[in-house]
Amino acid sequence: MYVAVKGGEQAIANAHRWLADRRRGSRESAELEVAQVEGQLRLAVARVMAEASLYDPELAALAIKQASGDMVEAVFLLRAYRTTLPRLAETVPLDTAAMHIERRVSATYKDIPGGQVLGPTYDYTHRLLDFLQLAKGETPTPVEAEEMLATCPQILELLDDEGLLEREADDGSEPYDITRDPPDFPVDRATRLQMLARGDEGYLLALGYSTQRGYGRNHPFAGEIRLGRVAVEIEVEECEVPMCIGEIEISECQMINQFGGSREVAPQFTRGYGLAFGHNERKTMAMALVDRALRAEELGETPTGPAQQAEFVLAHADSVESAGFVSHLKLPHYVDFQSELELLRRLRREHAARRLQPDEQPTTAPEEQQA
Amino acid sequence: MNDYSDATTGYNFAYLDEQTKRMIRRGLLKAVAIPGYQVPFGGREMPMPYGWGTGGMQLTASVLGQDDVLKVIDQGADDTTNAVSIRAFFERVAGVTTTSATAEADVIQTRHRIPEQPLRQGQILVFQVPIPEPLRFIEPSEEETRLMHALEEYGVMHVKLYEDIARHGHIATTYAYPVKVDGRYVTDPSPIPKFDNPKLHMAEALMLFGAGREKRLYAIPPYTRVESLDFEDHPFEVQQWEEPCAICGARDTFLDEVITDDRGGRMFVCSDTDYCQSRREEVA
């Protein structure tokens with residue numbers, strides 16, 4: 001006998017309790033503290049902050065803990081919190097040239113003013129599992145330099161002086177805010193960069209990679225990758241100079257790409273740009289590749305790869321949107337499915353009838369006429 | 001140190017802040033003024049996933065008043081998990097009275113169905129919409145489809161329906177069946193079964209459509225002409241069942257198929273649980 005599906009409320013409550021229990025895990029080990037996540041899973045924290053568009057390491061760590069380490073879920077939690085926050089002020093543009101450098105490398109010059117700084121990187125580590133960490137070995141403290149690094153000039157500025165690289169200047173226009181206004185395709189580059197900055201890392205990585213394999217190749221060189229802390233400043237009415245309200249850690253990647261040029265314009269290198277909160281190097285590199293790919297039309301290139309199609313790239317970059325819509329397939333679709341079932345059964349009946357009477361025209365099935 | 005000790009309370013009435021609600025209501029006014037036209041709006045992240053009704057929820061939040069009675073259905077039923085979840089959300093953040101009785105509700109948020117009982121003047125039906133663009137599966141680019149709407153260039157849609165007929169002998173669209181609103185805009189009625197399409201025509205209630213992920217909203221105001229696209233020799237038709245509802249005996253409702261055993265046994269029951277129950281009570 002059919003019993004109407006009741007008790008959804010109780011089922012949901014029980015599911016949440018079970019989930020909380022699973023998140024806690026075995027009570028024999030100590031509960032994970034948010035501060036531990038923040039301090040020891042800093043790259044996860046950085047990714048969640050970047051894709052949630054909210055710089056708050058503590059809340060990002062909380063989101064990671066609450067999501068049992070599911071990064072897409074953690075991004076969603078932080079994003080949903082972000083959307084409730086009031087707008088207090090707008091910052092002046094970050095000056096990444098004035099960054100307190102922690103890491104800074106260039107693949108285009110051997111030696112650069114200010115020097116190459118490897119910083120805390122997984123590059124050049126041998127990817128061998130470190131069983132000492134299973135045995136809770138002590139981690140040695142790092143070697144420290146005698147003095148802080150001075151601010152370093154941007155490598156691309158050096159090329160800029162010679163005119164070898166296309167110039168980029170602030171045209172002073174008010175930036176579009178993708179968190180407040182709906183996308184209006186085609187969108188300008190500043191808007192694209194906003195969308196890429198919160199785009200899913202894996203997605204951007206795959207698209208950036210596709211350009212390297214020939215689907216819209218753009219001949220990139222890693223001009224400069226830098227990581228460090230920059231001052232966040234706001235303009236206050238009573239003050240003549242902007243006021244610093246704190247520092248945030250960011251990663252920046254400036255790609256140098258092969259040149260364009262025309263009869264009127266001398267050939268120049270072009271740029272791709274990537275920026276993200278926290279230590280997010282892979283993301284910024286992928287972002288820079290995709291940014292450059294999306295400039296195809298502007299630079300007079302014929303789009304040949306998916307990474308060059310702005311609507312395709314941008315409309316599917318957001319993990320909160322894509323995860324939501326894919327997961328909604330779990331919701332009931334009884335009604336739509338029933339509609340399809342009814343049609344399919346009818347089509348099959350008619351198909352069977354036609355096979356018995358080969359002369360009959362498909363569009364004059366009698367049962368359809370009377371419907 | 002962040003102070004988030006009050007994180008579960010302290011939200012504005014119906015979750016969204018008043019500025020956001022006002023922005024959405026402005027969009028809704030435009031949508032009502034241009035029936036069937038998709039109005040872009042600054043959709044916000046909701047604390048539920050995109051695709052689970054965030055568009056509908058933002059519209060509901062924007063039109064809901066403190067004295068309104070809210071009904072939430074999914075697949076026609078009040079007790080499906082997502083309907084339960086959305087109803088619980090508004091009980092928590094708006095403290096409004098909720099009901100499962102269609103006639104008692106001021107605002108009804110729905111996914112995939114229109115209630116069987118005709119809606120009356122003053123009621124608002126809010127649809128959750130996954131893909132608001134009826135031309136999307138013919139033309140994936142938003143830039144292009146916007147232009148097609150502006151030029152009223154809807155030939156491709158008829159070509160698509162015609163191709164169905166050529167291939168299957170029928171128009172093979174059974175839900176989200178495209179309509180023309182007030183003789184102008186081809187509009188997606190959301191994934192309701194085409195069975196429900198006739199209820200859109202000259203309806204007494206205000207019908208609002210919200211697509212959160214796509215950040216679009218649109219409306220069918222009361223007493224608006226809504227025609228389902230068809231051909232003279234292939235007129236629009238709705239689904240029919242050979243048997244009545246196994247519970248209330250209704251012959252004029254949309255029926256869900258329920259599998260009763262693993263030997264092909266099945267029965268058909270009303271998808272609108274409130275309608276089915278009230279009919280049973282009448283009989284009893």
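**Figure 1. Gly228(A) is the bridge partner, in β2(A), of Ile101(A).** The model shown here and in the following views is predicted. Strand β1 of chain A, residues 100–105, pairs with strand β2 of chain A, residues 221–234. The two strands are antiparallel, and their pairing extends over 5 bridges.

**Figure 2. Gly228(A) also stands opposite Ile250(A), a residue of β3(A).** Strand β3 of chain A covers residues 243–260 and runs antiparallel to β2(A). These two strands are joined by 13 bridges. Gly228(A) thus appears in both views, facing Ile250(A) in this one and serving as the bridge partner of Ile101(A) in the previous one.

**Figure 3. Chain A and chain B meet in a contact that takes 48 residues from chain A and 52 residues from chain B.** On the side of chain B that touches chain A, the elements giving two or more residues are the helices α3 (81–94), α4 (142–150) and α5 (155–168), together with the strands β11 (255–259) and β12 (266–270). The largest share, 5 residues, comes from α3(B). By class, this side of chain B has 21 polar, 19 nonpolar and 12 charged residues.

**Figure 4. Chain B contains 12 strands and 6 helices.** Its radius of gyration is 20 Å, close to the 19 Å given by the globule rule for 284 residues, so chain B is as compact as a globular protein of that length. The C-alpha trace of chain B spans about 65 × 55 × 40 Å along its principal axes. Of the 284 residues of chain B, 49% count as buried. Among contacts in chain B between residues at least 6 apart in sequence, 62% link residues at least 24 apart.

Conventions: Residues numbered from 1 in each chain as written. Chains lettered and ligands numbered in written order. Predicted model: local features only at pLDDT ≥ 70, side-chain atom pairs only at ≥ 80, totals over all residues. Pairing = 2+ DSSP bridges. Helix = DSSP H or I, 4+ residues; strand = E, 2+ residues; numbered from the N terminus. Contact = placed C-beta atoms within 7 Å. Nonpolar A, V, L, I, M, F, W, Y, C, P; charged D, E, K, R; others polar. Rg over C-alpha atoms; globule rule 2.2 N^0.38 Å. Buried ≥ 20, exposed ≤ 12 C-beta atoms within 10 Å, placed from the backbone.
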